[in-house]
Amino acid sequence: MGLAATAALVVGLTAGCSGQEDEATRAARAFLAAWAAGDAEKAASLTDAPDRAKEELARINGENGDSGGSGELGVSKARLTPGTKQDGPREGVARVPFRAELTFIGGGTWRYRSSAEVRKSAGGEWKVHFTPAVIHPRLKEPTSRLMLYRELPARAGILAADGSNLAPETTVWAVSVWPTKVKDPERLYRALEDPELGVDIDTKALKSRVEAAKPDQAVPVVTLRDEVFRKVRHNLMAARGLQFHDVERAVATTAKPLIGSVQPATAETLKNAGPYAAAADAVGASGLQYRYQKQLAGTPDITVRAAGTPAYGDGRVVYRSKGKPGRPVRTTLDPTAQRAADAALANTVEEDEKDEKEGRKEQKAKSAALVAVRPSTGEILAAANAPDSTENRAFNGRYPPGSTFKVVTAAALLRSGVAPKTPVPCPRTATVNGQRFQNQDEFDLPTGTTLREAFARSCNTAFIGLRDRLRQGALTDAAGRFGIGGTWDVGAATFDGRVPTDTSDNDKAAAVIGQGRVETSPLAMASVAATVKAGSFKQPVLVPGAVQKKHRPDKKLDAGVVRQLRTLMRAVVSEGSGSALRGISGSPGAKTGTAEFGTGNPPRTHAWMIGFRGDLAFAVFLEDGGSGGKDAGPVAAKFLRELD
């Protein structure tokens, strides 16, 4: 039988006659309208057998148009078109024929003809005489009913650029709570908070769901990989009240927050899975699995039988539609680059055991991300996150880019006439209308320092001192030439950066060093480095087949500015804060960034490094991770070495 659908019914009722309608026709039309609208209770009230009619109509369309279900037949759209009334065999009886069009979730539209007999009651009210034959003429017995059967296709894969499956079918364990079997709730919820599970379960919300559930209703909790389940099964099994069911599911082996997860198709998961989810036995819960649920799941073979009539045996087939197999989602991810990115982020967010034993329990970073892009095409080669069980910060994170944004600021300055050899003061601090800015660790550079040297050493005060060379909106304009602030069509959800027009001198001072209201994502900053290498913005792409319209900036970078930016970014490595990349083959260019956030004193900082080497651009981001050169730099170096 079909699973409950989550889509609201789309209904239609088309008049089949004109002119003044008599009472019998109006009664039939009202019944058909309520049935088409999915309001089983109202339709049943217009019949002479309301209880039976409600039960049978609810099996088709769901009760009262409830968004939590579309009945056992999984009808997503019903159109019932009445014809011209026919007089019955005696007074007070009439028959109204109608055409039915029932569209099933995930598979085809069934068209057939039936009729509704209308009878005038002793009180003078016209009612539909309800029998199963009203629903379909093949239902000839009081016990007859329509039965739907689905044969589901295999779920298609999410593929890397080389055709390998990034989320192959593997054994997982669905964990649920059996409310009536729970003897010690506190122990059960403690077991589900075990860090070994690798996921954060909101046990408070789970407790509310369990309390609201029926005693023998399974309450889904989490789906665990087989290797994780084996580690924690003894602890979980000791907490009475949990159930475990092993199934084969598509499980991401890499880029997990981006690829996403698949969950069993239950009433709860179907609520958020979209109108085609009920055609599958599993639904995408996040990432690409969710975004491309319809494409990956395909559509089932559907068979409807008229059952419960002895002459039909197991049931006569009254409708059959052929489904379609799922179609794979082909991405641009390069397995080699993705492995290198995953390896580079390994241990970046793990706790230091020695510090924990000494009571200092520090983390290297709260989270981390690494994105790699091919500058010549914009293809996204890698998207790694740490931890890899949470959101996709690589694409969707919103962070101040810090000094990595000086690439954009430098582009604006170069266009305004400032040259790499232009002398720029680099004092330890700078004050703008009472607001104090400083260089990291309050370093300064000697008199005669040039823009090239200030860029290489990441001198904040030098860039702040040059802000008057930029007209209002110049940074927004420059950022636009890098694609920042546009609407990207990547094939996945992304945050594409935000650089508002400066509204004050202090606003501009913060913006030139990537602070204040400037926000970007690791993907957007990888694209900045790619734009410098390629010479123009090429919108990043992850799923080429899904991209409808790539973003193209209104203005391009000047060729001379591009050449100078490449030289400046190379100087960061050869003589500046990007020393972690010295000795790396391919003459990489880079820019480091240490972005302040929060209200602490001293403020906390994110660590960034963006760069390019050959036809590869990258961004490394460590949330609350220290400084760009010291902390993000070694991660970038490890990434590039993994590719050698």
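Which residues form one aromatic cluster with Phe104? Trp110, Tyr112 and Tyr319 join Phe104 in that cluster. The model described here is predicted. The protein chain holds 644 residues, and buried residues make up 52% of them. Its secondary structure comprises 22 helices and 23 strands.

**The chain as a whole**

- Take the contacts between residues at least 6 apart in sequence: 66% of these join residues at least 24 apart.
- The exposed area of the protein chain is about 28800 Å², of which carbon and sulfur atoms supply 46%.

**Aromatic rings**

- The count of aromatic pairs comes to 13.
- Phe104 and Trp110 make a stacked pair, with 6.4 Å from centre to centre and 20° between the planes. The pair counts as stacked because the planes are under 30 degrees apart.
- Phe104 and Trp110 are both buried, and both belong to the cluster that also contains Tyr112 and Tyr319.

**Charges over rings**

- Lys181 places its charged end over the ring of Trp178, 5.0 Å from the ring centre.
- Arg398 lies over the face of Phe495, and here the distance to the ring centre is 4.0 Å.

**Helix 1**

- Helix 1 covers residues 23-36, which makes 14 residues. From its first C-alpha to its last it reaches 20 Å, close to the 20 Å expected at 1.5 Å a residue.
- Ten of the 14 residues are buried, so helix 1 is largely enclosed by the rest of the structure.
- The buried residues of helix 1 are Ala24, Thr25, Ala27, Ala28, Arg29, Phe31, Leu32, Ala34, Trp35 and Ala36.
- Gly38 follows helix 1 and has a positive phi, near 80°.

**Helix 12 and the loop after it**

- Helix 12 spans residues 335-345, and a loop links it to helix 13 (353-357).
- Buried residues in helix 12 are Pro335, Ala337, Gln338, Ala340, Ala341, Ala344 and Leu345.
- An α-helix has 3.6 residues a turn, so residues three or four places apart point the same way.
- Strand 17 (367-373), strand 18 (380-386) and helix 22 (628-643) are the elements against which the buried residues of helix 12 pack.
- Asn347, just after helix 12, takes a positive phi of about 75°.
- Thr348 lies in the loop between helix 12 and helix 13. With a relative accessible area of 10%, Thr348 is buried, because buried means under 20%.
- A polar atom of the Thr348 side chain lies 2.7 Å from the backbone oxygen of Leu345.

**Glu117 in strand 5**

- Glu117 is part of strand 5, which runs over residues 109-120. The relative accessible area of Glu117 is 14%, so this residue is buried.
- The side chain of Glu117 makes polar contacts with two arginine side chains: that of Arg119 at 2.5 Å and that of Arg95 at 2.8 Å.
- Setting aside neighbours within four places in sequence, Glu117 is in contact with Val93, Ala94, Arg95, Lys127, Val128 and His129.
- Gly88 is 29 residues from Glu117 in sequence, while the two C-alpha atoms are 8.3 Å apart in space.

**Backbone exceptions**

- Most residues other than glycine have a negative phi, and most peptide bonds are trans. The residues below depart from one or the other pattern.
- The peptide bond from Ala386 to Pro387 is cis, with omega near -5°. Pro387 sits in the loop between strand 18 and helix 14 (393-396).
- Asn601 and Pro602 are also joined by a cis peptide bond, with omega about 0°. The loop that contains Pro602 lies between strand 21 (589-597) and strand 22 (604-612).
- Glu442 is not a glycine, yet its phi is positive, near 55°. Glu442 is found in the loop between strand 20 (435-438) and helix 16 (451-457). Its relative accessible area is 24%, so Glu442 is partly exposed.
- Asp624, again not a glycine, has a positive phi of about 50°. The loop between strand 23 (617-623) and helix 22 holds Asp624. At a relative accessible area of 11%, Asp624 is buried.

Terms used: Residues are numbered from 1 along each chain as its sequence is written. This is a predicted model: local features need pLDDT of at least 70, side-chain atom pairs count only at pLDDT 80 or more; totals for chains, interfaces and linings use all residues. Side-chain values use heavy atoms; hydrogens and water are left out. Helices (H or I, at least four residues) and strands (E, at least two) are DSSP runs, numbered from the N terminus. The expected span of a helix is 1.5 Å times one less than its number of residues. Buried means under 20% relative accessible area, exposed over 50%, partly exposed in between (1.4 Å probe, protein chains only). Rings of Phe, Tyr and Trp (its six-membered ring) pair if their centres lie within 6.5 Å; planes under 30 degrees apart count as stacked, over 60 as edge-to-face and the rest as tilted. A charge sits over a ring if NZ of Lys or CZ of Arg is within 6 Å of the ring centre and within 35 degrees of the ring normal. Contact means heavy atoms within 4.5 Å. Accessible areas come from the Shrake-Rupley method with a 1.4 Å probe; for residues, only the protein chains shown count as cover. A polar contact is a pair of N or O atoms within 3.5 Å; within protein, one must be able to donate a hydrogen and the other to accept it, and residues adjacent in sequence count only if both atoms are side-chain atoms.
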